Amino acid sequence: MSKKQVISRLLQIVVVLLGISFITFLLTYISPGDPVRHMLTASGTMPSEELIQSIREEMGLNDPVIVQYFRWLGNCLHGDFGESYTLGKPVVTLVAARLWPTLRLTIMSTVLLIIIAVPLGVLSAVYKNTWIDYLVRGLTFFGVSLPNFWVGLLLMLVFCVKLNLLPVVSSSGDFKSMILPAVTLAIAMSSKYTRQVRTAVLDELTSDYVIGAEARGVKFSKILWRHVFPNSLLPIITMLGMSIGSLLGGTSVVEVIFSYPGLGNLAVTAITSCDYYLIQGYVLWISITYMLINLIVDFSYYLVDPRMRLKR
């Protein structure tokens, strides 16, 4: 990727971030609910309307939305994303504290995903229309159909309640508490990726270079792993990047079920309490994550596929 392309993509990221931040700010502004009322109620106070209006005026929440947005944006440019109304801590501190648990869960889920999806996808493609292919496709169809919350509750019932092997609550964030959330996420994702790997490998297996290599007597295993699989990586890398971005944003349903201290759980808390600054900081984090990962994925194309480098 040339220097000009990198600069162009970075400028696009800045423009998109500005658009996303304004839309998010506008939506939180017009959404029902009053953050001041939630803040006072959470502290055990029964607020009067005079007290609510006084605090809103003090916090600048009665100003026009444009004024509030540019004030918030100016603070963000100086590294101040505001303070959570309900938790009473800076948004940057709250997001940073939940980032490492979410990052660990993302890594573990991604590793499980690759270990499951790549071998099964390749196996299904190589043995197309055999009982192995039908079995793998049936399992993936079943896995995609299962909702995450149901899988999580079922795993919790079996491994926590019945077998007593793993903790029910994952609030500690240690390795044992990460197993069930990671497996829950990996089941649905690996089912989807297995199908994608199968499709990508099948497309390459019908290419002319594969037929030519087989005609010259090249071993099929060598063709598969040295030529077919590397050429199948581009669509797989694209989907993998999107999934990693989603995981880094926190998977709210799974984290809430297991009480996992990640970003998804924090987002649910922010939404239920109408915590404007916390919602905006979370959305901004997701946006930055997605766009940076997309940039990394685009750059990886040049490393994986030599044909991309020839187009420069």
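## A charged trio

Let's start with a handshake between charges: aspartate 133 and arginine 137 join their side chains in a salt bridge, 3.2 Å from N to O. (A salt bridge here is a side-chain nitrogen of Lys or Arg within 4 Å of a carboxyl oxygen of Asp or Glu.) This is a predicted model, where local features need pLDDT of at least 70 and side-chain atom pairs count only at pLDDT 80 or more, while totals for chains, interfaces and linings use all residues. Residues are numbered from 1 along each chain as its sequence is written, and side-chain values use heavy atoms, with hydrogens and water left out.

Back to the pair: aspartate 133 and arginine 137 are separated by about one helical turn because they sit four residues apart in helix H6 (residues 131-145). (Helices, H or I with at least four residues, and strands, E with at least two, are DSSP runs numbered from the N terminus.) Aspartate 133 is buried, at 0% relative accessible area, while arginine 137 is partly exposed at 33%. (Buried means under 20% relative accessible area, exposed means over 50%, and partly exposed is in between, using a 1.4 Å probe and protein chains only.)

Aspartate 133 also forms a salt bridge with arginine 198, with the closest N and O atoms 2.9 Å apart. This pair ties together distant parts of the chain, since aspartate 133 is in helix H6 and arginine 198 is in helix H8 (residues 175-205), 65 residues apart. Both aspartate 133 and arginine 198 are buried. Shared partners join Asp133, Arg137 and Arg198 into one network, and the whole structure has two salt bridges.

## Rings that meet

How many aromatic pairs does the structure hold? There are six. (Rings of Phe, Tyr and Trp, the last by its six-membered ring, pair if their centres lie within 6.5 Å; planes under 30 degrees apart count as stacked, over 60 as edge-to-face and the rest as tilted.) Take phenylalanine 22 and tyrosine 69: their ring centres are 5.2 Å apart and their planes stand at 80 degrees, so the pair is edge-to-face. Phenylalanine 22 belongs to helix H1 and tyrosine 69 to helix H4, so this contact links distant parts of the chain, 47 residues apart. Phenylalanine 22 is partly exposed, with a relative accessible area of 29%, whereas tyrosine 69 is buried at 4%.

Ring pairs also link Phe22, Phe25, Tyr69, Phe70 and Trp72 into a cluster. One of these, phenylalanine 70, has its place in helix H4 and counts as exposed at 53% relative accessibility. From phenylalanine 70 to phenylalanine 22 it is 48 residues in sequence and 9.2 Å in space, C-alpha to C-alpha.

## Hidden spaces

Searching the whole structure turns up two cavities of 30 Å³ or more. (On a 1 Å grid over the protein atoms alone, a cavity is a set of points where a 1.4 Å probe fits but cannot get out, and lining residues have an atom within 4 Å of a point; a volume is the space filled by probe spheres set on the points, which are joined across faces, edges and corners.) The largest has a volume of about 100 Å³. Its lining has 14 residues, with Phe25, Leu61, Gln68, Tyr85 and Tyr277 nearest the centre. Helix H1 (3-30), helix H4 (65-77) and helix H14 (276-304) are the elements giving two or more residues to that lining, and H4 gives the most, with four. The lining of the largest cavity splits into eight nonpolar residues, five polar and one charged. (Ala, Val, Leu, Ile, Met, Phe, Trp, Tyr, Cys and Pro count as nonpolar, Asp, Glu, Lys and Arg as charged, and the others, Gly among them, as polar.)

The second largest cavity holds about 30 Å³ of space. Around it sit Ile20, Ser21, Thr24, Trp72, Gln280, Val283 and Leu284, and H1 and H14 each supply at least two residues of this lining. Here the split is four nonpolar, three polar and no charged.

## Cysteines and unusual loops

The disulfide count is zero. (A disulfide is a pair of cysteine sulfur atoms within 2.5 Å.) Cysteine 76 is buried at 11% relative accessible area, and cysteine 160 is buried at 4%.

Most residues other than glycine have a negative phi. Asparagine 129, not a glycine, has a positive phi of about 60 degrees; this residue is in the loop between helix H5 (91-126) and H6. Serine 259 has a positive phi too, near 55 degrees, and lies in the loop between helix H12 (252-257) and helix H13 (263-272).

Definitions and conventions: On a 1 Å grid over the protein atoms alone, a cavity is a set of points where a 1.4 Å probe fits but cannot get out, and a pocket is an open set with protein on both sides within 12 Å along at least five of seven lines; lining residues have an atom within 4 Å of a point.
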